[in-house]
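Hi everyone, thanks for making time. I'd like to walk you through a structure that's probably new to most of you, so just follow along on the screen.

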Amino acid sequence: TMYALANKTKARASDARLAYDVANVQNDWFSAAQYFRRADFYLHGNWDNPLIYSLWEEQIAAFDKATAALPVPPTRVQIPADNFTVEAIWYSAPGFENARRPTLAIANGYDASQEDSYHAYVAPALARGWHCITFEGPGQSTVRRRQSIGFIPDWERVVTPVIDYILANQTDKVDPDRMVLLGNSMGGYLAARAAAFEPRLSALILNGGVWELFAAFSNQLPRQLLHVFNSGDRAGFDKQVFSLIESANVSTTVKWGFEHGLFSFYTKSPFDLLTMTKKFSLKDVAGNIRMPVWIADAQFESFFKGQSEVVRDALGDNATLHLFNGTAGYHCQPAATQERSAYMFAWLNETLRGR
C-alpha cells in the first residue's frame, strides 16, 4: 500500500548514511511526502478516520525536510484573511534572492495540495528565475484539516490577502508589474473569480478554464438521480447518493468525487453539496477580468469538458486558448509537464516583455 511505501521511504530518508548527498535527501523526502499524500487520497468518506490528519502532518514534515535541502529553502507563512488563515509557502528564485523578479502565485483546486504545486509549477518557475508563492484557502488540503472550513465561491477573499502579503513582505523581491496568478484544475474557476476583483495582477493563467462547477458535478450523475435533485427532494437525493456510493457497481471516480466533495465543502448532505456548487460560476464576474489570460485546454479533458472555450469566448480578446493534444491532452497535463511549462512561460515572456 501507499502507506507502507511512505513509511519505508521515510525510513530510508532518515538513514544518516545516505544524507551525505543532498540529492538523496531531496529525492527521498519528496517521495515520502508524495506517498503520504497518495495514502490519504481515498480516505475522506469517514471524517473521523485519524489517518486523514496524521498522514497529512507526515507529508508536511517530509516535504519541509526536502525543501530545506533546496539551494534556497522556502518559507511557510500563514496569511490572515476574512475569518480564516491562508496557508502559503514562499519560494525565492536561486541567484535572485534579493532581486526584483516576476512572481507567480499558484492556486490549486479540488483536491491537490500546495505541496503538489512544487513539482508541477514551482520548480519550472524557479528554474526560469521566477519567485513563487503557493497557497491554500477554505476547502483545500491543510486549511480544511486544520481549520474545518469548506470551499467558498468568493475566492478573492483568499487571493487579495496573498497579494497584500507579497507586496508588503517581499517588497525587495517582487516586480509589481509582473505579478501573475495561476489556477490549476478547479483552481481555474477560483483564480478567475479572484482576478475579477484583483486589478494588481499583470496576467492570469488558467489550467484549464472553468465556467461553472455545477455542470462538472451534475454531468457525472445518472439522469434519474439528477431528476431527483432538480425536484428539490433533499432527503430522497441524499439517500440515493449514499446508496450509490456504497454500491459495488459505482465507479471509483464517482465514489471518490462525492466523498471528497462532502469533505472539502464541509457538508454531510450530497444535496447541499450539489446546491453549493451552483454558486461557483463566472457568469456575473467574467466581464471584470481585464488582464491578459492564457487558458490551457486538453484534448481529452474529462472533468470540465468544453468549459475552457466558454471562458475564452466570455473574455474575448483578453484570452489566449492553447489546446494540448496527445500525451499532453489529459486534464492538467500530468504526463507532459515540460511541454506545458514551455508554452506557458513562452506566453508569459511575450505578454510581460518590456514591463
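I'll go through the open spaces, then the cores, then a handful of single residues.

Before anything else, please keep in mind that this is a predicted model.

Okay, pockets. The largest pocket holds about 920 Å³ of space. It has 36 lining residues, and the ones closest to its centre are Asp 111, Ser 185, Trp 256, Phe 303 and His 331. Keep Asp 111 and Ser 185 in mind, since both names will come back.

Which helices supply at least two residues each to that lining? They are H2 (22-40), H4 (114-127), H8 (213-218), H11 (252-264) and H14 (337-352). The largest share is from H11, with six residues. If you sort the lining by class, you get 18 nonpolar, 14 polar and four charged residues.

Now the second largest pocket, with about 200 Å³ of space. Its lining includes Arg 101, Arg 128, Arg 178, Arg 353 and Arg 355, along with Trp 130 and Phe 345, among others. Two elements give two or more residues here: strand S3 (101-107) and H14. H14 contributes the most, four residues. By class, this lining splits into five nonpolar, two polar and five charged residues.

So much for pockets; what about cavities? How many of 30 Å³ or more does a search of the whole structure find? Just one, and its space is about 120 Å³. Among its 18 lining residues, the closest to the centre are Asp 40, His 44, Asp 111, Ser 141 and His 260. There's Asp 111 again, which we met at the centre of the largest pocket. The elements giving the cavity lining two or more residues are H2, H5 (141-147) and H11. Its classes come out as five nonpolar, six polar and seven charged residues.

Let's move to the cores. As general background, nonpolar side chains in soluble globular proteins tend to be buried together. In this model, the largest nonpolar core has 69 residues, and Phe 135, Trp 155 and Leu 204 touch the most other members. Apart from that core lies another one, of 42 residues, with Phe 30, Val 180, Phe 324 and Met 344 among them. Have a look around Leu 204 if you can: beyond its sequence neighbours up to four places away, its contacts include Val 180, Leu 181, Ile 289, Met 291, Trp 294 and Trp 347.

Next, single residues, beginning with Asn 108. You'll find Asn 108 in the loop between S3 and H4. Is Asn 108 buried or exposed? Its relative accessible area is 5%, so Asn 108 counts as buried. Its side chain has a polar contact of 2.7 Å with the side chain of Ser 117, and another of 2.9 Å with the side chain of Asn 184. Setting aside residues up to four places away in sequence, Asn 108 also touches Ser 113, Asp 116, Gln 140, Gly 187 and Leu 190, among others.

Thr 142 is another one to click on. Thr 142 sits in helix H5, and because its relative accessible area is 2%, Thr 142 is buried. Its side chain makes a polar contact of 2.9 Å with the side chain of Trp 56. Leaving out neighbours within four places in sequence, Thr 142 is also in contact with residues including Ile 60, Glu 87 and Glu 136.

Last stop: some backbone details. Where is the cis peptide bond that has an omega of about -5 degrees? That bond joins Asn 207 and Gly 208, and Gly 208 is in the loop between strand S6 (203-207) and H8.

Then there are two non-glycine residues with positive phi. One is Ser 185, with phi near 60 degrees, in the loop between strand S5 (174-184) and helix H7 (187-195). Ser 185 has 13% relative accessibility, so this residue counts as buried. Remember that Ser 185 is also one of the residues closest to the centre of the largest pocket.

The other is Gln 333, with a phi of about 50 degrees. Gln 333 lies in the loop between strand S8 (319-324) and H14, and with a relative accessible area of 0%, Gln 333 is buried.

That's my tour, so over to you for questions.

Notes. Residues numbered from 1 in each chain as written. Predicted model: local features only at pLDDT ≥ 70, side-chain atom pairs only at ≥ 80, totals over all residues. Heavy atoms only, no water. 1 Å grid on protein atoms, 1.4 Å probe; cavity = no way out; pocket = protein on both sides within 12 Å on 5 of 7 lines; lining within 4 Å. Points joined across faces, edges and corners; volume = space filled by probe spheres on them. Nonpolar A, V, L, I, M, F, W, Y, C, P; charged D, E, K, R; others polar. Buried < 20%, exposed > 50% of the residue type's maximum accessible area, 1.4 Å probe, protein only. Polar contact = N/O pair within 3.5 Å; in protein donor to acceptor, adjacent residues only side chain to side chain. Contact = heavy atoms within 4.5 Å. Core = buried A, V, L, I, M, F, W, Y, C linked by side-chain atoms within 4.5 Å.
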